Amino acid sequence: MLEAKLQEAGTLKKLLDAIKELVTDANFECNEEGIVLQAMDNSHVALVSVKFGAPGFKRYRCDRPMPLGVNLTSLTKVLKCAKDDDICTLKAADEADVLNLVYEAKNSDRIAEYDMKLMDIDADTLTIPETEYDARVTLPSAEFTRIVRDLSLLGESVRIEVSKEGVRFASDGEAANGSVLLRQSEGDGISSDDDDNSTSIVIEMNQHVSLTFSLKYLVNFSKSASLSTRVQLMMSNDVPLLVAYDFSQGYIRYYLAPKIGDD
């Protein structure tokens, strides 16, 4: 039996909005620690990993580990029926073939209930190797969103380079080239995620890193800015880029393979 009660349906909406274009069908793996989703996109270039920890729910109960096979487009449609500030409860019985969603309005007696069919999804368990990254950049998520959207107007790829100078995003298009350099914020030798520090840029670098990535994916990842004011980019030469957003209930992480031989 699973029962997971969220204070606001809007959090789940934002989460799905960020991943629904990357992943069509996926298993939400539920256990006593919370709900986890890990899935590759259809072209196997990107991997998304989401964790919703049990303490992030208003009430959470999961008697035994269970996968909920969900079509994300269908779930998005069902969630559109909820107002952002509705209390949202997800329920599923053991061996269930439906997911029950209940929306309770905070300021009225309205209670809406929906049942969504679950799917059997044969998904390989993905293990994400522990990686020591050579460079870690923490910046405002709105700044990251703006940079990748602006550069995506010029070209299909972006080169991200971390050096003593700072972090540079550069795109070469057919008609125009562009680059944006972000320098470490003054006095920010120490990393901090406090809200009053949410505009700062923190760069930690062990060695020079330069990799090229598809902008289409980065623009997609940047939709998670609605969940967190800060984003972390972690890079090492020749390994996938990690784009991480932490929010109060958990995290969403994206791994993106670099483009080879495009430089």
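**Fold, burial and aromatic pairing in a predicted single-chain model**

At 10% relative accessibility, N220 counts as buried, where buried denotes under 20% relative accessible area, exposed over 50% and partly exposed in between (1.4 Å probe, protein chains only). The structure is a predicted model, in which local features require pLDDT of at least 70 and side-chain atom pairs count only at pLDDT 80 or more, while totals for chains, interfaces and linings use all residues. Residues are numbered from 1 along each chain as its sequence is written, and side-chain values use heavy atoms, with hydrogens and water left out.

N220 lies in helix 4; helices (H or I, at least four residues) and strands (E, at least two) are DSSP runs numbered from the N terminus. Leaving aside neighbours within four places in sequence, N220 is in contact with A18, E21 and L22, contact being defined as heavy atoms within 4.5 Å. Of these partners, A18 is one of the buried residues of helix 1. Helix 1 spans residues 9-19 and is mostly covered, with eight of its 11 residues buried. The buried set consists of A9, G10, T11, L12, L15, L16, A18 and I19.

The chain as a whole contains four helices and 18 strands. Its radius of gyration is 20 Å, close to the 18 Å that the globule rule gives for 263 residues, so the chain is as compact as a globular protein of that length. The radius is taken over C-alpha atoms, and the globule rule is 2.2 Å times the number of residues to the power 0.38. Along its principal axes the C-alpha trace spans about 55 × 40 × 35 Å. Buried residues account for 50% of the 263 residues. Among contacts between residues at least 6 apart in sequence, 65% join residues at least 24 apart.

The chain exposes about 13,600 Å², of which carbon and sulfur atoms supply 45%; accessible areas were computed by the Shrake-Rupley method with a 1.4 Å probe, and for residues only the protein chains shown count as cover. There are 28 positive and 44 negative side chains, and the centres of the two sets lie 5 Å apart. In this count Lys and Arg are positive and Asp and Glu negative, whereas His and the chain ends are not counted. Each charge is placed at NZ of Lys, CZ of Arg, CG of Asp or CD of Glu.

Aromatic rings were examined next. Rings of Phe, Tyr and Trp (its six-membered ring) pair if their centres lie within 6.5 Å, with planes under 30 degrees apart counted as stacked, over 60 as edge-to-face and the rest as tilted. By this rule the chain has seven aromatic pairs. The rings of F52 and F247 have centres 5.8 Å apart and planes at 75°, so this pair is edge-to-face. The pair links distant parts of the chain, as F52 belongs to strand 4 (residues 46-53) and F247 to strand 17 (residues 241-247), 195 residues apart. F52 is buried at 5% relative accessibility, and F247 is likewise buried, with a relative accessible area of 10%. A second pair, F221 with Y254, is stacked, at 4.2 Å centre to centre and 10° between the planes. This pair also links distant parts of the chain, joining helix 4 (residues 215-221), which holds F221, to strand 18 (residues 250-256), which holds Y254, across 33 residues. F221 is buried at 0% relative accessibility, and Y254 is buried at 0%. Ring pairs further link F52, F57, Y60 and F247 into a cluster.

M116 is placed in strand 9 (residues 111-117) and is buried, with a relative accessible area of 5%. Leaving aside neighbours within four places in sequence, M116 is in contact with V70, N71, S74, L75, V78, D97, V98, L99 and L101. One of these partners, S74, lies 42 residues from M116 along the chain, and the two C-alpha atoms are separated by 7.8 Å.

Positive phi values occur at two loop residues other than glycine, H44 and D238. For H44, phi is near 60°; the residue is found in the loop between strand 3 (34-40) and strand 4 and counts as exposed at 56% relative accessibility. For D238, phi is about 70°; this residue is found in the loop between strand 16 (230-235) and strand 17 and counts as exposed at 68% relative accessibility.
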